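Subject: Model for your files

Dear colleague,

Please find the structure below, with the sequence alongside. My notes on it follow.

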Amino acid sequence: MKKTSLSANAFRSWLCLDCNKLVGELYMVHNGLWEQAVPPPHQKRMLHLACLSARIGRPITVEDLSDAKCNDGYRWFAGAAR
Ligand SMILES: [Zn+2]
């Protein structure tokens, strides 16, 4: 198996674009929303859910999340809360 070392750059990509703190939550929103909130060249970077919602000026909803596997937990919690 090929070993991949984690460069400082890879670590930096886990820091929030806005508050520069480590992003602990993994989620994917729809491409259109991300492109609107995060202009190039920062689209490979990450944002906290709270920082992203501050950028777009409204809360992020389950409907904003893409079908990515990493969103399953959020969908489950949203369904459980209904
Ligand atoms: Zn943040």
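Two residues are taken to be in contact if their C-beta atoms, placed from the backbone, lie within 7 Å. By that criterion, and leaving aside neighbours within four places in sequence, Met 28 is in contact with Leu 65, Ser 66, Ala 68, Cys 70 and Asn 71. Please keep in mind that this is a predicted model.

Met 28 is found in the loop between helix 1 and helix 2. Is this residue buried or exposed? Met 28 counts as partly exposed, because 15 other C-beta atoms lie within 10 Å, whereas a buried residue needs 20 or more and an exposed one has 12 or fewer. Its C-alpha atom is separated by 18 Å from that of Arg 12, and the two residues are 16 apart along the chain.

Asn 20 also has its place in the loop between helix 1 (8–12) and helix 2. Although Asn 20 is not a glycine, its phi is positive, at about 65°. Asn 20 is exposed, because the number of other C-beta atoms within 10 Å is 8.

The next loop, between helix 2 (31–37) and helix 3 (49–56), holds Pro 41. The peptide bond that joins Pro 40 and Pro 41 is cis, with omega at about 5°.

As for the chain as a whole, DSSP runs give four helices and zero strands, so that the order from the N terminus on is α-α-α-α. The C-alpha atoms fill a box of roughly 45 × 30 × 20 Å along the principal axes. Of the 82 residues in the chain, 10% are buried.

Which residues make up the largest nonpolar core? There are five in all: Ala 37, Val 38, Met 46, Leu 47 and Leu 52. One of these, Leu 52, is in contact with Ala 37, Leu 47 and Ile 60, again leaving aside neighbours within four places in sequence.

On contacts across the chain, take those between residues at least 6 apart in sequence: 58% of them join residues at least 24 apart. The contacts of Met 28 with Leu 65, Ser 66, Ala 68, Cys 70 and Asn 71 were listed at the start.

When you open the model, the places to look at are Met 28 for its contacts, Asn 20 for its positive phi, and the cis peptide bond between Pro 40 and Pro 41.

Regards

Methods. Residues are numbered from 1 along each chain as its sequence is written. This is a predicted model: local features need pLDDT of at least 70, side-chain atom pairs count only at pLDDT 80 or more; totals for chains, interfaces and linings use all residues. A nonpolar core is a set of buried Ala, Val, Leu, Ile, Met, Phe, Trp, Tyr and Cys residues joined through C-beta atoms within 7 Å. Helices (H or I, at least four residues) and strands (E, at least two) are DSSP runs, numbered from the N terminus.
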